[in-house]
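Reader: Please take one part of this structure and go through it closely, residue by residue where that helps. I would like to see how the part you choose relates to its surroundings.

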Amino acid sequence: LDPDGAAAADGKLRVGDRIVKVNNDWILCHSHALFLLNDILESNPAGDLTITRNEPLPDRPDIEAMTDRQVEGLVFEHLGMRIRIDADAGWGRAQALEILEPRFKPAAPK
């Protein structure tokens, strides 16, 4: 939050608030968020933002035990992105897991 920016002047947003949707698209993945925000600023500066405050992160599921299709579904559910895990023509499993990690509480030590 830029202290000299419009959002700070408005007073509704606070440090720690999270933008979770832009124009109804989930953006919890940082690179996806930047893409959408840049797209909005270029085409429609009056975009619709969904903000959360004090929302705890959900517990981390046992992602390693999931099938590739289950991981694809989890990415869509939590990040609004449709991906295909396919070593030859899509995302790698490690890449999908990397973008999912920030969406959950850290895994409990075993």
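## A close look at one part

Author: R60 is buried, with a relative accessible area of 18% (buried means under 20% relative accessible area, exposed over 50%, partly exposed in between, with a 1.4 Å probe and protein chains only). This is a predicted model, in which local features need pLDDT of at least 70 and side-chain atom pairs count only at pLDDT 80 or more, while totals for chains, interfaces and linings use all residues. Residues are numbered from 1 along each chain as its sequence is written, and side-chain values use heavy atoms, with hydrogens and water left out.

The position of R60 is in the loop between β3 and α3 (helices, H or I with at least four residues, and strands, E with at least two, are DSSP runs numbered from the N terminus). Two acidic partners meet its side chain: one polar contact, of 2.8 Å, links the side chain of R60 to that of E64, and another, of 2.6 Å, links the side chain of R60 to that of E101 (a polar contact is a pair of N or O atoms within 3.5 Å; within protein, one must be able to donate a hydrogen and the other to accept it, and residues adjacent in sequence count only if both atoms are side-chain atoms).

The loop between β3 (49–52) and α3 also holds I63, and E101 is again a partner there. I63 counts as buried because its relative accessibility is 0%. Not counting residues up to four places away in sequence, I63 touches V71, L74, R93, L97, L100, E101 and F104 (contact means heavy atoms within 4.5 Å). I63 and E101 are 38 residues apart along the chain, and their C-alpha atoms are separated by 9.5 Å.

P61 belongs to this loop between β3 and α3 as well, but it is partly exposed, with a relative accessible area of 22%. Beyond residues up to four places away in sequence, P61 touches M66, L74 and F104, and the C-alpha atoms of P61 and L74, which lie 13 residues apart along the chain, are separated by 9.7 Å.

From the loop, the view turns to the interior. The largest nonpolar core has 13 residues, and I63, V71, V75 and L100 are those with the most contacts inside it (such a core is a set of buried Ala, Val, Leu, Ile, Met, Phe, Trp, Tyr and Cys residues joined through side-chain atoms within 4.5 Å). The elements giving two or more residues to this core are α3 and α4. In soluble globular proteins, nonpolar side chains tend to be buried together.

Of these two helices, α3 has V71, E72, L74, V75, H78 and L79 as its buried residues. Seen down the axis of α3, these buried residues fall within an arc of 160°, so they line one face of the helix (the arc is that of the directions from the helix axis to the C-beta atoms). After α3 comes G80, whose phi is positive, near 70°.

In α4 (residues 93–100), the buried residues are A96, L97, I99 and L100. They fall within an arc of 165° when α4 is seen down its axis, so here too one face of the helix is lined by buried residues. A94 and E98, on the other side of α4, are exposed. The buried residues of α4 pack against α3 (68–79), and two of the residues named for α4, L97 and L100, are also touched by I63.

A charged residue of helix α3 deserves a separate word: E72 is buried, with a relative accessible area of 10%. Its side chain reaches the backbone nitrogen of I85 at 2.7 Å, and, leaving aside neighbours within four places in sequence, E72 is in contact with I83, R84 and I85. Further along, in the loop between α3 and α4, lies D86, which is partly exposed at a relative accessible area of 30%; the C-alpha atoms of D86 and D68, 18 residues apart along the chain, are separated by 8.7 Å.

To set this part within the whole, the protein chain comes to four helices and three strands, following the pattern α-β-β-α-β-α-α along the sequence. Of its 110 residues, 27% count as buried. Among contacts between residues at least 6 apart in sequence, 57% join residues at least 24 apart.
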